[in-house]
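Please open the structure in a viewer that allows selection by chain and residue number. The tour below proceeds by selection, with a short account of what is found at each stop.

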Amino acid sequence: MLEDHAKVAALIHQNGETIGRKKLQKAIYIFQKLGYPFHQIFHFHFRGPYSEELSVQLEELCDFGFLIEDRENEEQTDDPCVYRISEAGRDFLSHYKDVLPNVSRLMQCVVGQSIHFLECVTILLYFDHLSHDAAIEKVLVLEKEITSSELTRALAFIEEICRLQSIESPASR
Amino acid sequence: MTRSFQKLNEEKVFKDPVHRYIHVRDRLIWDLIGAPEFQRLRRIRQLGTTYLTFHGAEHSRFGHSLGVYEIARRVIDIFKYRNHWDDSETMITLCAALLHDVGHGPFSHSFEKVFGTNHEEYTQKIILGDTEIHRILEKQGSGFAQRVADVIGKTYPNRLVVSLISSQIDADRMDYLLRDAYFTGVSYGHFDMERIWRVMRTRDDQIVFKLSGMHAVEDYIMSRYQMYWQVYFHPVTRSAEVILTQILHRAKDLYQQGFRFKYLPHPLLKIFNGKITLHDYLKLDESVILYFFQVWQEEADPILSDLCYRFMNRRLFKYVEFTPALLDAKDRLSESFQAAGIDPKYYLEIDSSSNSPYDLYRPGEEGERQPIQLLMPDGTLHELSQESDVVGSITGMRRTDCKLYYPKDRILDLPKHSPHQKDIQRLLGI
């Protein structure tokens, strides 16, 4: 019952502080691609992969009182809608102790990046079934704002999180 | 460059209750409709288990797919008339409209939850794999099938083409809202589609709507809202969906435990083993699934036979609203179910809005979703809910619902004065 919701709440809890809605979407997509047990369906939207299912799950968690949604100053951030765990949310998670392995280091690494960069990373991951060159060509055709140097950094970042993932929870997948 | 596609000697038409006629003038479209993978959609209902709530809802994904094609065809005609359309994209768009749902399996949503399949991935595989549809598409030139697949996958470079098939007001939603309202027989769900087409404009790579057509768009949004709550998320339909999901889970579990089925489900064995091929997938339709549900009522396993009996004879689960307090009681509830001889794994299930494949309109999420834009007289774009009080009033409303489903009849059939019955009734508040 509600295991998928619990995994989302657990990830926010492990992050330790508030997390923006856009970053959370991108982080869960990245974790799913790394093989963690997130089952939300993502579609390609105009800023890369996006899950309507996850968006509704977040709203359900708020309606249950397990998450608190706040709005930060829109002039100071491009991700103003943020979530944090409530007391009721901590109680909720006490029912699901092992629902998600400890991914806090990996999470820090992901949320430390800008939204634009995470968009670039997730779009690349979206095309990971294509050859390296075809994936890059596809990204550059679809997202004209992404530069080749950003793509190079994104590819290096993907390698880095794969390495971190193998250290952090090698048996979790 | 616009290439020419072969026209039929004479136009073919399909009589359709929503669009009156569906017109086919291109050989390519006619051939795709005749392909076995497309004909299979006749055997897959558009609304899954909704026919158990609204008995008219027996319409198929075949009719819906033709409807989406017809809407795309008519909108393209309007855009062409206004010189807002690159004609070299026409056939790609029409093929994508026709084929956008071709990968749906039987009772798709439940099936995907249990077996981890994804109809969108199968749509891609059918268009790009070893199929009649792929062969028909590739006759138009190498790479044509890939372009159609990219439109459906929303990764086609021309975003206007993608918007026509998949956006907040697209050919897919317009057809299914009107078609589902017609077949369920509900009085809400209607809107003036032709008026919406007339006020559609193109702006850069998106479709926008003239301010003067705002009321037609409002009707569409209200239709979507009503259909969501009163048809797509109807609690009785959801109950049938829960039972269907539990049947598939039970059958898979039994197979993996080595249960000796009286009626071994040969077409499902590869999916039970997680090794299904495209060829195996294409053999599955709702006739196959319902055949097994019918005969499995005779299986020796009491859970499988009971769940199948419930589904086939509409003895559905009842529900209570799910609250966080119920979550605290879930362990005790499971224990009481177990003690009463009712396996909670199959007879106690939460269903929430996030399980539904349908959604409500919301005014974007800081750039994550493309909202509906109104074209103002001064040429600026305003998001719909900023201009429309009607839309503004429903977009902020709660869109979630969560229920706990259980077999009330089994609880009531427990021996009188059974402590488990009392416990369960108390915990569920019934």
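The stops that follow concern a predicted model and go from the chain interface to sheets and helix pairs.

**Stop 1: the interface of chains A and B**

Select both chains and display the residues at their boundary. Here 35 residues of chain A are in contact with 34 residues of chain B. The two chains bury about 3200 Å² between them, and 55% of that area is on carbon and sulfur atoms. Next, highlight Met1(A), Phe46(A) and His95(A), the residues of chain A that lose the most area to chain B. Together they account for 21% of what that side buries.

**Stop 2: the sheet of chain A**

Select β1 (19-20), β4 (67-71) and β5 (residues 81-85) of chain A. They form an open sheet of three strands in the order β1-β5-β4, with antiparallel pairing. β1(A) and β4(A) are the edge strands, each pairing on one side only. Between β1(A) and β5(A) there are two bridges, in the antiparallel sense. To locate this pairing, label Gly20(A) and Val82(A): Gly20(A) stands opposite Val82(A) in β5(A).

Now add helix α3 (residues 52-63) of chain A, which lies across β4 and β5 of chain A. The direction of α3(A) is at about 105° to β4(A).

**Stop 3: helices α2 and α6 of chain A**

Select residues 21-33 for α2(A) and residues 115-126 for α6(A). How far apart are the axes of these two helices, and at what angle do they pack? The axes are 10 Å apart, and the packing angle is about 30°. Because an angle under 35 degrees counts as roughly parallel, α2(A) is described as roughly parallel to α6(A). The crossing of α2(A) past α6(A) is left-handed.

Show the side chains at this contact. On α2(A) they belong to Lys22(A), Lys23(A), Lys26(A), Tyr29(A), Ile30(A) and Lys33(A). On α6(A), the contributing residues include Ile115(A), Leu118(A), Glu119(A) and Tyr126(A). By class, the contact of α2(A) with α6(A) has seven nonpolar, one polar and five charged residues.

**Stop 4: two strand pairs of chain B**

Move to chain B and select β1 (residues 7-16) and β2 (residues 20-26), antiparallel strands joined by six bridges. Phe14(B) stands opposite Ile22(B) of β2(B). The hairpin from β1(B) to β2(B) passes through three residues.

For the second pair, select β3 (residues 200-203) and β4 (residues 206-210) of chain B, which pair in the antiparallel sense over four bridges. Arg201(B) has Val208(B) in β4(B) as its bridge partner. The hairpin of β3(B) and β4(B) has two residues between the strands; Asp204(B) in this hairpin takes a positive phi near 50°.

**Stop 5: the three-stranded sheet of chain B**

Select β5 (318-321), β6 (349-352) and β9 (residues 402-406) of chain B. The strand order in this open sheet is β5-β9-β6, with antiparallel pairing. Its edge strands are β5(B) and β6(B), each of which pairs on one side only. From one strand to the next, the twist averages 35°. β6(B) is joined to β9(B) by four bridges, and Ser352(B) stands opposite Cys402(B) in β9(B).

Add helix α13 (residues 235-256) of chain B, which lies across β5, β6 and β9 of chain B. α13(B) runs at about 55° to β9(B).

**Stop 6: helices α16 and α17 of chain B**

Select residues 286-295 for α16(B) and residues 302-313 for α17(B). The two helices pack at an angle of about 120°, with their axes 8 Å apart. That angle makes α16(B) oblique to α17(B). Display Leu290(B), Phe293(B) and Gln294(B) of α16(B), which meet Cys308(B), Phe311(B) and Met312(B) of α17(B). The residues of this contact divide into five nonpolar, one polar and no charged. α16(B) passes α17(B) in a left-handed crossing.

**Stop 7: helices α18 and α23 of chain B**

Finally, select residues 324-339 for α18(B) and residues 419-428 for α23(B). Their axes come within 9 Å and cross at roughly 160°; α18(B) and α23(B) are therefore roughly antiparallel to each other. The crossing of α18(B) past α23(B) is left-handed. Among the residues that meet here are Leu326(B), Arg332(B) and Phe337(B) in α18(B), and Asp423(B), Ile424(B) and Leu427(B) in α23(B). By class, the contact of α18(B) with α23(B) has eight nonpolar, two polar and three charged residues.

Technical notes
Residues numbered from 1 in each chain as written. Chains lettered and ligands numbered in written order. Predicted model: local features only at pLDDT ≥ 70, side-chain atom pairs only at ≥ 80, totals over all residues. Heavy atoms only, no water. Axes fitted to C-alpha atoms, helices over the stretch in contact; angles between N-to-C directions. Parallel < 35°, antiparallel > 145°, perpendicular 65-115°, else oblique. Left-handed = near helix turned anticlockwise from the far one by under 90°. Contact = heavy atoms within 4.5 Å. Nonpolar A, V, L, I, M, F, W, Y, C, P; charged D, E, K, R; others polar. Pairing = 2+ DSSP bridges. Buried area = accessible area lost by both parts, 1.4 Å probe.
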